[in-house]
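Here are some questions and answers to work through slowly, with the structure open beside the text. Each answer builds up to the name or value that was asked for.

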Amino acid sequence: MRELLERTLPFWKHLTRSEQNALAEGVVEGLYKKGQVLHYGGRECAGVQIIRKGQTRVFVTSAGGGEITLFRLLDGDVSILSAACMLKGLDIELDMEIEEDSFICTIPKALYKDISDHNAKVKDYTLEMVSEKFSDIMWLFNQYVFSNVAARLADAILEHRALTGSDILAITHDALARDIGTAREVVSRLLKQFQTDGLVKITRGHIEILDAAKLEKV
């Protein structure tokens, strides 16, 4: 556990020995199964989470039930927004879907807050990470507002290609629709157009990328 914390937390070397011990002893590790959805919202939060192994999708849900994927977390990534409720005046509602069986290590909110309140390096890291993540989210929402759906779909396909390292994706139209915040029917229609244009090949349950370079230009 200490090795994981040292590798993933940039402020580790600035902690006192007692703070390091408290973190190492206080971390709680859990196994989350594919398909589970965790909710973070209101004034309740889990604490800082580290993906020891696995893959998760963080998203927001509209009042009508639509979803927009904000980002994914992979091996070694730190989820600082799961502890965002520690920051005064910051109240966000997020969901995390477990996309692969995942081992997630959680630094409890009270423990992390106590160390952050007494160590400026930890507080600086927290503010920097939250600011950086919100900048990424604002960039994403600008893309939703100012770019077309076809471009967002092409980007989502290429993201899954990067995640899997394969040109053949075992992904459903529903999953892509959730990623880009649109209807399944819209995704299906656009994929048919991509196929007509020679960018992809659609088979049952799979999408094969035929021309990644052209997808990047959509």
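Two strands are said to pair if DSSP finds at least two bridges between them. The model discussed here is a predicted one.

Q: How many bridges join strand β3 and strand β5?
A: Strand β5 covers residues 78–79, and its pairing with β3 is antiparallel. One of the bridges can be followed residue by residue, since Ile 50 has Val 78 in β5 as its bridge partner. Pairing requires at least two bridges, and the number of bridges between β3 and β5 is two.

Q: Over how many bridges do β3 and strand β6 pair?
A: Strand β6 spans residues 94–108, and β3 runs antiparallel to it. As one example of a matched pair, Val 48 finds its bridge partner in β6 at Ile 107. Counted over the pairing of β3 with β6, the bridges number eleven.

Q: Which residue takes a positive phi in the hairpin of β3 and β4?
A: The strands β3 and β4 run antiparallel and are joined by six bridges, and within this pairing Phe 59 stands opposite Thr 69 in β4. The hairpin that they form has five residues between the strands. The residue in this hairpin with a positive phi, near 95°, is Gly 65.

Q: Is strand β3 largely enclosed by the rest of the structure or largely open?
A: A residue counts as buried when its relative accessible area is under 20%. Strand β3 runs over residues 47–61, and twelve of its 15 residues are buried. Because so many of its residues are buried, β3 is best described as largely enclosed.

Q: Is Arg 72 buried or exposed?
A: Arg 72 belongs to strand β4, which covers residues 67–73. Its relative accessible area is 10%, and the cut-off for a buried residue is under 20%. Arg 72 therefore counts as buried.

Q: Which residue shares a polar contact of 2.8 Å with the side chain of Arg 72?
A: Leaving aside residues up to four places away in sequence, Arg 72 touches several others, including Gln 55, Asp 77, Glu 99, Glu 159 and Asp 179. A polar contact of 3.4 Å links its side chain to that of Glu 159. The polar contact of 2.8 Å joins the side chain of Arg 72 to that of Glu 99.

Q: What is the relative accessibility of Ser 116?
A: Ser 116 is found in helix α3, which covers residues 109–118. When residues up to four places away in sequence are not counted, Ser 116 touches Val 122, Lys 123 and Thr 126. Ser 116 counts as buried because its relative accessibility is 8%.

Q: How many charged residues does the lining of the second largest cavity have?
A: The structure holds two cavities of 30 Å³ or more, and the second largest has a volume of about 40 Å³. Among the residues that line this cavity are Tyr 40, Val 58, Phe 71, Ser 79 and Met 96. By class, the lining has six nonpolar and two polar residues, and the number of charged residues is none.

Q: Which strands stand at the edges of the open sheet with the order β7-β9-β8?
A: The three strands of this open sheet have antiparallel pairing. Each edge strand has a single partner strand, so one side of each is left without a neighbour in the sheet. For instance, two bridges join β7 to β9, and Ile 168 stands opposite Glu 208 in β9. The strands at the edges are β7 and β8.

Conventions:
Residues numbered from 1 in each chain as written. Predicted model: local features only at pLDDT ≥ 70, side-chain atom pairs only at ≥ 80, totals over all residues. Heavy atoms only, no water. Helix = DSSP H or I, 4+ residues; strand = E, 2+ residues; numbered from the N terminus. Buried < 20%, exposed > 50% of the residue type's maximum accessible area, 1.4 Å probe, protein only. Contact = heavy atoms within 4.5 Å. Polar contact = N/O pair within 3.5 Å; in protein donor to acceptor, adjacent residues only side chain to side chain. 1 Å grid on protein atoms, 1.4 Å probe; cavity = no way out; pocket = protein on both sides within 12 Å on 5 of 7 lines; lining within 4 Å. Points joined across faces, edges and corners; volume = space filled by probe spheres on them. Nonpolar A, V, L, I, M, F, W, Y, C, P; charged D, E, K, R; others polar.
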